[in-house]
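This report considers the backbone of one protein chain. Please keep the sequence and the structure in view while reading.

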Amino acid sequence: MPTIREVTFELLRRHGMTTVFGNPGSNELLFLKDFPEDFDYVLGLHEGAVVAMADGYAQASGQPVFVNLHAAAGTGNGMGVLTNSVYSHSPLVITAGQQVRDTIGQEVMLANVDAASLTRPLTKWSAEPTCPEDVPRTISQAVHMATLPAPGPVYVSVPYDDWEREAPANTAYLAERRVTTTTEPSEAMTAELLAALDGAARPALVLGPDVDAERANGFAVQLAEALGAAVWIAPSPSRCPFPNTHPLFRGVLPANVMSIHEALADHDVVLVAGAPVFRYHHYRPGPFLAEGTRVLHLSEDTGEVARAPFGEAYLAPVGATLRILAERVHRRDVPAEPAREAFARGADRTEAMHPDTVFATIAEIAPRDVVYVNESTSTADAFWRHTQLVEPGSFYSPASGGLGFGLPAAVGVQLAHPERRVVATIGDGSANFGITALWTAARRDVPVVFVILNNGTYGALRRFTRALDTGETPGLDVPDIDFVKIAEGYGVKGERVTGAEELKAALHRAFEGTSPVLIESVTYFE
């Protein structure tokens, strides 16, 4: 009879989950025993980096990914980044080794106490099998839970002595099992949406990450053009669902109540697709909507629909619904939008660049199908002003502000898309949370171009001190970090630049090569 481990690997193989991201400990060794040759184990040096790499890989590939962490401690190390995964709807099957089954209640060393509760509420579902024979079925349930709408991370704790046990004969059925979900919205639902959009005098679209995740960007463009609708991206975007070079693009909505109220006030019907309504951040209270503004909320996440404080919600597949709306909506004869004026760059200083210079220079030199992974939170405006995001799957960013996503996620995205080049634009504060992923990039020769914007301070926090009028507070500066030396210590070639011409030359060298490169770009905060 096959072992629990053997049938689990066969189950993962049938689901196409042969790339495993992990950082093992003693509780995980029996799972890794006789590791199959057709599987690829991607080692990260810290569990936060492991989860972020897996998250980037899952988002870029659109496939569920298996993650293997070490007990409660390793799980805890990964949970900071996991705050992003739940909101980006990343289908991660996270497992952790548990102590030998009959010792768990004694709380011996490396026992994961109350394991199923550890990751809640950051996982969509979590469990610890009640007996060894139930491990394969639990893993099967985890895969389906992670991928069924709305996708999201799940967690399974497995006592390590379970892997060597014989699997019951009935586990053979698991590998053959299929789950099919509804992929088309109802006729009644689409008729309601079409009637609202066709009857709108001044329609607008607000698009979220699920549009890009379902590769429905083209349908969004088709719908916007048919309606002549202004298009925004929902606040704090983790993906780019609409080309930011398109004449109808109005930008990223600010993350506060009154600013969104003001932005949408001139529109009578606003379709929000693939995003919550809305994920506010900064406190600027007021009425959610202007009088006469009607919000239609399209989502396949029951939680988003249930907790929204306003709007008429439609629980349906986002991509399929946008396709039908784009095909059936009445096309309007609307004048072409004038070309947008070019943004003026901020001024550089001696030995330090304005962030505008960094992003504009990257956009000038990078390939057209470049993929950006951005975690430079204080320079978001500069990023959106100067980068050109045209192709689907061209932008990834933390979905919930959990630092440490960007640098390792870029490694995962590049592993999933070897045919495209990935540029990771990372703030110096953020970089330190995921810096160990440089080791993985070096060992696997993953050709990410890491651009560290180094201004020596936590810029986003400095902006908050102004907004909250707190004055100077401790813990805001991180000066004198030499990222070039750190990169070289991990095996990644690095160089430091202070001006646009140096940056251009460094980027040309990086894109001409096929290995990871780190470019430390000295910037200033204003």
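A residue is called buried when its relative accessible area is under 20%, exposed when it is over 50%, and partly exposed in between. The model discussed here is predicted.

## Background

Most residues other than glycine have a negative phi, and most peptide bonds are trans. The sections below describe residues and bonds that depart from these patterns.

## Positive phi angles

Leu 110 is not a glycine, yet its phi is positive, near 70°. This residue belongs to the loop between β4 (92–98) and α5. Its relative accessible area is 29%, and because this value falls between the cut-offs of 20% and 50%, Leu 110 is described as partly exposed.

Asp 480 also is not a glycine and has a positive phi, of about 65°. Its place is the loop between α19 (459–468) and α20 (483–490). Is Asp 480 buried or exposed? With a relative accessible area of 81%, Asp 480 is exposed, because that value is over 50%.

## Cis peptide bonds

The bond joining Arg 120 to Pro 121 is a cis peptide bond, and its omega is near 5°. Pro 121 lies in the loop between α5 (115–118) and β5 (125–127).

A cis peptide bond also links Pro 149 to Ala 150, with omega near -15°. In this case proline comes before the bond and alanine after it. Where is Ala 150 found? Ala 150 sits in the loop that runs between α6 (135–147) and β6 (154–159).

Key: Residues are numbered from 1 along each chain as its sequence is written. This is a predicted model: local features need pLDDT of at least 70, side-chain atom pairs count only at pLDDT 80 or more; totals for chains, interfaces and linings use all residues. Side-chain values use heavy atoms; hydrogens and water are left out. Helices (H or I, at least four residues) and strands (E, at least two) are DSSP runs, numbered from the N terminus. Buried means under 20% relative accessible area, exposed over 50%, partly exposed in between (1.4 Å probe, protein chains only).
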